[in-house]
Amino acid sequence: MQSIFILLLTLGCISIASTYRCYTCDGDTNTDCNDPFNPTGMTDYDKGEAQSGEACMKTKLESKGGSTLQRDINSRGPYYCIGGQNGCKKYNRDGVTATVCCCTSDLCNGVSIVQQKPLAVFLTIRCISIVNTYECYECSSDKNSACGYPFKANGMTANEKKEAPTGGACMKTKTTLKNNAALKDFTVLKDITTVVHRNVTLSASSCPGGQNGCKEVNTDDSTGTVCCCTSDLCNGVSMVQQKTLIVFVTMSTLFMFAYRWY
């Protein structure tokens, strides 16, 4: 499940990184384009979509006679981005000081690069934290009925959750005992036909269906299904439910990213 989450998030991030708009305005004709920038003064005509390889640009020219500021799309890509595709640089020529800034995210030339970097770092660290740290349920239906089917998350206590180690996985095992006379000799199993265990496995090698999959495991005395997954409390829901949940969470996350940049 974690691999699906990472794939969807990566595709979403690629989409956001590859498709973005830039402000296209001139401070001489629209004072809202100057610093301090006023985004409420921008219309759809003051925005344009950057094509592949292009960057948003903000250019400020200063001289003894005053200053002017332009926000535009750099159709020449890195050629005019003298400070890099996500950076700024000043240069002087014939008494004019030019500050050229380029960036490659949605409407990024409406804010300073300095403001943008801390947010990007925070989001990156946060995403890495979410992907790599997760808990698993640790319970058994013969001791807690909420652990069985249907699963009841509100019936779980803090002691029935455990953090998965690096390289480990959450596991869910459903075992159904066969109608075997030998089993009836065990009093503890007399009234139990199906047991569900949810726990943490220390190594993915213990997952017969893979780190994010299921597989039937049968013995002479029982039939069973072993499922493993690698996202937060994923062994508390079915694999089908989890896929839907991951898609929802991923799309919600991407929506929030996109909304933050608009």
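**Salt bridges and sheets in the predicted model**

Asp35, Lys58 and Arg71 are linked in a network of salt bridges. The model is predicted. Side chains of opposite charge can pair when their charged atoms come close. In the contact between Lys58 and Asp35, the N to O distance is 3.2 Å. Lys58 lies in strand 4, and Asp35 in the loop between strand 2 and strand 3 (47-50), so this pair ties together parts 23 residues apart in sequence. Asp35 also meets Arg71 in a salt bridge, at 2.9 Å from N to O. Arg71 belongs to strand 5, so the pair with the loop residue Asp35 joins parts that are 36 residues apart in sequence.

The three members of the network were also examined for burial. Arg71 has 1% relative accessibility and therefore counts as buried. Lys58 is buried too, because its relative accessible area is 16%, under the cut-off of 20%. Asp35 counts as partly exposed because its relative accessibility is 41%.

The count of salt bridges comes to three. Another of them pairs Arg21 with Asp106, with the closest N and O atoms 3.5 Å apart. This pair links distant parts of the chain, 85 residues apart. Arg21 sits in strand 1 (residues 20-23), and Asp106 in the loop between strand 7 (96-103) and helix 2 (113-132). Arg21 is partly exposed, because its relative accessibility is 22%. Asp106, at 7%, counts as buried.

Strands 4 and 5 belong to an open sheet of five strands. The strand order is 2-5-4-7-6, and the pairing is antiparallel. Strand 2 (25-26) and strand 6 (87-93) form the edges, each pairing on one side only. Strand 4 (residues 55-63) and strand 5 run antiparallel and are joined by nine bridges. Within this pairing, Met57 has Asp72 of strand 5 as its bridge partner. A hairpin through two residues connects strand 4 to strand 5. Strand 5 (residues 66-74) also pairs with strand 2, in the antiparallel sense, over two bridges. Here Cys25 has Arg71 as its bridge partner, and Asp26 stands opposite Gln70. Arg71 thus appears both in this strand pairing and in the salt-bridge network.

A further open sheet of five strands has the order 9-12-11-14-13, again with antiparallel pairing. Its edge strands are strand 9 (139-140) and strand 13 (213-218), each of which pairs on one side only. Strand 11 and strand 12 (residues 194-201) run antiparallel, joined by eight bridges. Cys170 lies in strand 11 and stands opposite Val200 in strand 12. At 0% relative accessibility, Cys170 counts as buried. Leaving aside neighbours within four places in sequence, its contacts include Tyr134, Cys136, Asn199, Cys227, Cys228, Cys229 and Cys234. The C-alpha atoms of Cys170 and Asn199 are separated by 6.0 Å, although the residues are 29 apart along the chain.

Thr173 also lies in strand 11 (residues 169-177). Thr173 is buried, because its relative accessibility is 16%. Beyond neighbours within four places in sequence, Thr173 contacts Val195, Val196, His197, Thr225 and Val226. A C-alpha separation of 8.8 Å was computed between Thr173 and Cys228, which are 55 residues apart along the chain.

Aromatic rings were considered last. The structure holds two aromatic pairs. In addition, Arg198 lies over the face of Tyr149, at 5.6 Å from the ring centre.

Conventions
Residues numbered from 1 in each chain as written. Predicted model: local features only at pLDDT ≥ 70, side-chain atom pairs only at ≥ 80, totals over all residues. Heavy atoms only, no water. Pairing = 2+ DSSP bridges. Helix = DSSP H or I, 4+ residues; strand = E, 2+ residues; numbered from the N terminus. Buried < 20%, exposed > 50% of the residue type's maximum accessible area, 1.4 Å probe, protein only. Contact = heavy atoms within 4.5 Å. Phe/Tyr/Trp six-rings, centres within 6.5 Å; stacked < 30°, edge-to-face > 60°. Lys NZ or Arg CZ within 6 Å of the ring centre and 35° of its normal. Salt bridge = Lys/Arg side-chain N within 4 Å of Asp/Glu carboxyl O.
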